[in-house]
Amino acid sequence: MTFFSDLVRCETRLYNSLNDLMRTRHGIAASQFESLHYLRDHPGARVADLAEFFAAGVGAISKGIDRLEGRGWVKRIPNPADRRSSLLELTDSGRALVSEASTTFTTITELIHAVLEPEHLDAATQALRMLRAALERDKIGIPVG
């Protein structure tokens, strides 16, 4: 129980801190930054791709993309391979925003590096990577919808 509790409390505090910084400095939520960042690194992704990566419902991700599209940061392009879906791309202003917001994200990584020695960070990274891979492999924690 201790590992789980510490993991969740750390994640919550780090995420809340990132959310506050993103809202104050860039007028976006941490979840919006994460979506923009993902799309920067995965141009042509679909809503379903984001839903799988973030372990979130397709409906929730689609609504989030609608908001990003409404602010002019993302555009939907018809998917030539599947007319039922769209491909997502950042607009120029979306790319500029994620680039600017990425500098703010370093604040969180600096906090982590200030607390954890490199060998502890490496061990934690490896442990979480292994746990995440097992959860994804076994399809544990996938939301419905």
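The lining of the largest pocket in this predicted model comprises 31 nonpolar, nine polar and nine charged residues. The volume of this pocket is about 2400 Å³. Its lining is formed by 49 residues, of which L7, E11, E34, L128 and R132 are the closest to the centre. Several helices take part in this lining: α1 (2-26), α2 (30-41), α3 (47-54), α5 and α6 (118-137) each contribute at least two residues.

The second largest pocket encloses about 240 Å³ of space. It is lined by 13 residues, and those closest to its centre are S31, Q32, S35, I61 and G64. At least two lining residues come from each of α2 and α4 (58-70). The largest share belongs to α4, which supplies six residues of the lining of the second largest pocket. By residue class, this lining consists of seven nonpolar, four polar and two charged residues. Helix α2 is thus named in the lining of the largest pocket and also in that of the second largest pocket.

The interior packing was examined next. The largest nonpolar core contains 24 residues, and the most contacts inside it are made by L36, L39, L50, I65 and V74. Two or more residues of this core are given by each of α1, α2, α3, α4, β2 and α5. Helix α2 provides the largest share of the core, with five residues. The surroundings of L39 illustrate the packing in further detail. When residues up to four places away in sequence are not counted, L39 touches A45, L50, I65, V74, L88 and L90. Among these partners, L50, I65 and V74 are listed, together with L39 itself, as residues with the most contacts inside the core.

A further site of interest is T91, which is located in the loop between β2 (86-90) and α5 (92-115). The relative accessible area of T91 is 16%, and T91 is therefore classed as buried, the cut-off being under 20%. The side chain of T91 is joined to that of S93 by a polar contact of 3.1 Å. With residues up to four places away in sequence left out, T91 touches G72, W73, V74 and K75. One of these residues, V74, is also touched by L39. V74 is accordingly listed as a partner of the loop residue T91 and as one of the residues with the most contacts inside the largest nonpolar core.

Note on methods: Residues are numbered from 1 along each chain as its sequence is written. This is a predicted model: local features need pLDDT of at least 70, side-chain atom pairs count only at pLDDT 80 or more; totals for chains, interfaces and linings use all residues. Side-chain values use heavy atoms; hydrogens and water are left out. Helices (H or I, at least four residues) and strands (E, at least two) are DSSP runs, numbered from the N terminus. Buried means under 20% relative accessible area, exposed over 50%, partly exposed in between (1.4 Å probe, protein chains only). A polar contact is a pair of N or O atoms within 3.5 Å; within protein, one must be able to donate a hydrogen and the other to accept it, and residues adjacent in sequence count only if both atoms are side-chain atoms. Contact means heavy atoms within 4.5 Å. On a 1 Å grid over the protein atoms alone, a cavity is a set of points where a 1.4 Å probe fits but cannot get out, and a pocket is an open set with protein on both sides within 12 Å along at least five of seven lines; lining residues have an atom within 4 Å of a point. Grid points are joined across faces, edges and corners, and a volume is the space filled by probe spheres set on the points. Ala, Val, Leu, Ile, Met, Phe, Trp, Tyr, Cys and Pro count as nonpolar, Asp, Glu, Lys and Arg as charged, and the others, Gly among them, as polar. A nonpolar core is a set of buried Ala, Val, Leu, Ile, Met, Phe, Trp, Tyr and Cys residues joined through side-chain atoms within 4.5 Å.
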